[in-house]
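Open the model in your viewer and keep the sequence panel visible. The stops below are given in the order to select them.

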Amino acid sequence: MKTTSKKTASAGTLESYERIVRLHVVPHLGSKMISQVTAADIEGLYARWRRDGAALNTIESRHIALSALFSHAVRHRRIPTNPMSQAEKLENPVIPVDDRKLPSFDEITAIAKEIGPRLSPAI
């Protein structure tokens, strides 16, 4: 007997994915059937989200939800390929940290002392 392992997302994750699709995908791609969505459509969606002011980490979260949707559709043979795999993602540049702008150890210690014993471990 063959056992299969299924990955199941938590209820909160599924709710989040549903909200992302409902609010940020369907309004722009909702007139298309899932099989009609192309890599160019996905790239256009990324560009629209960016123009609308979404931060890169927000776009990445939306990308993850959308990728899960298309991966599910491929796995269940609703579409032959995942358009997400051909779409070019927005670059997420790594911004170097200027060590001179970081607080010193003494400044961090002073903040921890000032914030009080309950919250100082967070510092």
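Select Gly53, just after α2: its phi is positive, at about 95°. The model is a predicted one, and the angle is computed from it.

Step back to α2 itself, residues 39–51. This helix has 13 residues, and its first and last C-alpha atoms lie 18 Å apart, close to the 18 Å expected at 1.5 Å a residue.

Now colour α2 by burial. Which residues of α2 are buried? They are Ala39, Asp41, Ile42, Leu45, Tyr46 and Trp49. Because these residues cover an arc of only 160° around the axis, they sit on the same side of α2. Turn to the other side of the helix, where Ala40 and Arg51 are exposed.

Next, show what covers the buried residues of α2: the cover includes α1, α3 and α4, the last spanning 83–86.

Then select the largest nonpolar core, which has 17 residues. Val25, Ile42, Trp49, Leu66 and Phe70 have the most contacts inside this core. At least two of its residues come from each of α1 (11–29), α2 and α3 (56–75). Of these 17 residues, α2 supplies five, the largest share. Nonpolar side chains tend to be buried together in soluble globular proteins.

Finish on Leu66 and display its contacts. Setting aside residues up to four places away in sequence, Leu66 touches Val25, Ile42, Leu45, Trp49 and Met84. Among these partners, Ile42, Leu45 and Trp49 are also buried residues of α2.

How values were computed. Residues numbered from 1 in each chain as written. Predicted model: local features only at pLDDT ≥ 70, side-chain atom pairs only at ≥ 80, totals over all residues. Heavy atoms only, no water. Core = buried A, V, L, I, M, F, W, Y, C linked by side-chain atoms within 4.5 Å. Buried < 20%, exposed > 50% of the residue type's maximum accessible area, 1.4 Å probe, protein only. Helix = DSSP H or I, 4+ residues; strand = E, 2+ residues; numbered from the N terminus. Contact = heavy atoms within 4.5 Å. Expected span 1.5 Å × (residues − 1). Arc of directions from axis to C-beta.
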